[in-house]
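Trainee: I should like a close look at one side-chain contact in this protein, followed by an account of how the strands and helices are put together. Please work through it step by step.

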Amino acid sequence: MKTRYFTLFFSLICCCVHAQTLSARTSKTIVDFKNAEDDLKSSFPKVIWLDPVNPTSFQKSAAFKMRVVIESRDPLKTITITTRERGEAEIHAKKTIYVPADKRFSYVLEQRVVLAGSINEIEILAENEHQLRGVARREVHVGETILADAKKLKRSDYALIMYTSKYDHWPSLANPGFDATTIAELLRTNYGFQVDMLENPSQELVWSKLKEFADRKYEPLDQVFIFVAGHGHFDESFKEGYVVLKESIPNEAGNASYISHNRLRNNINSIPCEHIFLSMDVCFGGTFDEDVANSRGVWTDPEMSQSEFILRKLAYHTRKYLTSGGKEYVSDGRPGHHSPFASKVIAALETKGGNDGILTLAELQVFTEKSSPAPLFGQFGNDAPGSEFVFVVK
């Protein structure tokens, strides 16, 4: 029989929490919260994990601290914390808290617990006075070997690199192919990305490839990086930016042979990957941001492991973009040399993430911020505050 140890310390704090909407599958008496961003229109208690945010957490030691918010339209009665080793029916420890009368509608529970197993399941069950229950669970992995290498995390990185240098009706460009192939090779060799490359693609091929990405199955920590290089166009009448394709026709009334930023933004946002980063090295690339299109023209904690850092950074839904300029033309650069913007991106990728082996968007911005014109960084679609995209050295 295994020897089990359990230490539990409670620090209970009651505070006002802004209402959040959640969804869940319900039975007569219980609701199981899988996603704290869904919508629940019932009187079941809402159990919201603040720390850890991810369903799976990796810890160096058995001492584990968590923070949970419990909300209920009807008065809360009890909160029960249960721990067990994954795959075992036997409960390791169980604790029930009777909620004080003055804290029964919004309750913040901070708890420190020492776990015994290497892979643990922690369950929080909240019950209100009507015997309706809300449940939320987290899986906690304990041990130095689990955290030793970020490669142990179940995650994949994908890239779609699209460039156009030869056009039927627009002037040819010297460097998009050179820029794109260099970036693609760095992504493969330094960071282990699975790269798809589109060279001088037609509009049909672009949408076909984006559909492939949209139909792919992704894990929660997977990432997609999309890079677009070539001519860009802006239509003042429609206040819309466009990616120019090989077959695009100048002065076309409806711009049907182009890819509009609006459609591109919506289609990329719909790709069912949690973390997407788009970079565009095209003229008027900044008009990918609707606010710009409608305007007038003109560090890592050294004591945190790679795994912990990645899990923290990828805790939120990511939709970020970085373009080579705003509402303006940008330089293709001298033939045989990278464009001013691409050269900065390449220099960042060549660092292999520095000492910690992780290149963040903030670090990438440091490399590109001195480009001329000034690059534009922002978010689109359903990006969540605090979201991030990381390039992890292979």
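Mentor: The side chain of Glu123 makes a polar contact with the side chain of Arg137, at 3.0 Å. This comes from a predicted model. Glu123 itself belongs to strand β10, which covers residues 119–128. Its relative accessibility is 17%, and Glu123 therefore counts as buried, the cut-off being under 20%. Setting aside neighbours within four places in sequence, the contacts of Glu123 are Thr80, Ile81, Thr82, Val135, Ala136 and Arg137. The polar partner, Arg137, is thus one of the residues in contact with Glu123.

From this contact we may step back to the whole chain. The protein has 394 residues, and 53% of them are buried. Eight helices and 22 strands make up its secondary structure. The accessible surface comes to about 18,800 Å², and carbon and sulfur atoms account for 50% of that area.

Strand β14, residues 223–229, is a good place to study the covered part of the protein: seven of its seven residues are buried. In a regular strand the side chains alternate between the two faces of the sheet. In β14, Gln223, Phe225, Phe227 and Ala229 point one way, while Val224, Ile226 and Val228 point the other way, and all are buried. Strand β14 also has partners to consider. It pairs in the parallel sense with β12, residues 157–163, over seven bridges, and Asp157 has Gln223 of β14 as its bridge partner. Strand β18, residues 275–281, also runs parallel to β14 and is joined to β14 by seven bridges; here Ile226 is partnered by Leu278 of β18.

Some of these residues reappear in the packing. In soluble globular proteins, nonpolar side chains tend to be buried together. The largest nonpolar core here has 26 residues, and those that touch the most other members are Ile161, Ile183, Leu187, Phe193, Phe225, Leu349 and Phe391. The elements that give two or more residues to this core are β12, α2 (176–191), β14, α7 and α8. Helix α2 gives the most, with six residues. Ile183 shows how such contacts are made: leaving aside neighbours within four places in sequence, Ile183 is in contact with Ile161, Phe225, Phe227, Val345, Ile346 and Leu349. Apart from this core lies another, of 25 residues, among them Val228, Ile259, Ile268 and Tyr321.

Two of the helices that contribute to the largest core can be read in terms of their buried faces. In α7, the residues Phe341, Ala342, Val345, Ile346, Ala348 and Leu349 are buried. Viewed down the axis of α7, these buried residues fall within an arc of 160°, so they line one face of the helix. Helix α7 is followed by Lys352, whose phi is positive, near 55°. In α8, residues 361–368, the buried residues include Leu361, Leu364 and Thr368. Down the axis of α8 the buried residues fall within an arc of 55°, so they too line one face of their helix. The cover over the buried residues of α8 includes β18, β19 (318–323), α7 (340–350), β20 (358–360), β21 (376–379) and β22 (390–392). Helix α7 and strand β18 thus both take part in covering α8.

There remains a separate piece of pairing to describe. Three strands form an open sheet in the order β15-β16-β17, with antiparallel pairing. Strands β15 (232–235) and β17 (259–260) stand at the edges, each with a single partner strand, so one side of each is left without a neighbour in the sheet. Edge strand β15 is nevertheless made up of buried residues: Gly232 and Phe234 point one way, His233 and Asp235 the other, and all are buried.

Strands β15 and β16 run antiparallel and are joined by four bridges, one of which pairs Phe234 with Gly241 of β16. The two strands form a hairpin with four residues between them, and Lys239 in the turn has a positive phi of about 50°. On the other side, β16 (residues 240–243) pairs with β17 in the antiparallel sense over two bridges, and Val243 is partnered by Ile259 of β17. Ile259 also returns us to the packing, as one of the residues of the core of 25.

Technical notes: Residues are numbered from 1 along each chain as its sequence is written. This is a predicted model: local features need pLDDT of at least 70, side-chain atom pairs count only at pLDDT 80 or more; totals for chains, interfaces and linings use all residues. Side-chain values use heavy atoms; hydrogens and water are left out. Buried means under 20% relative accessible area, exposed over 50%, partly exposed in between (1.4 Å probe, protein chains only). Accessible areas come from the Shrake-Rupley method with a 1.4 Å probe; for residues, only the protein chains shown count as cover. Two strands pair if DSSP finds at least two bridges between them. The arc is that of the directions from the helix axis to the C-beta atoms. Contact means heavy atoms within 4.5 Å. A nonpolar core is a set of buried Ala, Val, Leu, Ile, Met, Phe, Trp, Tyr and Cys residues joined through side-chain atoms within 4.5 Å. A polar contact is a pair of N or O atoms within 3.5 Å; within protein, one must be able to donate a hydrogen and the other to accept it, and residues adjacent in sequence count only if both atoms are side-chain atoms.
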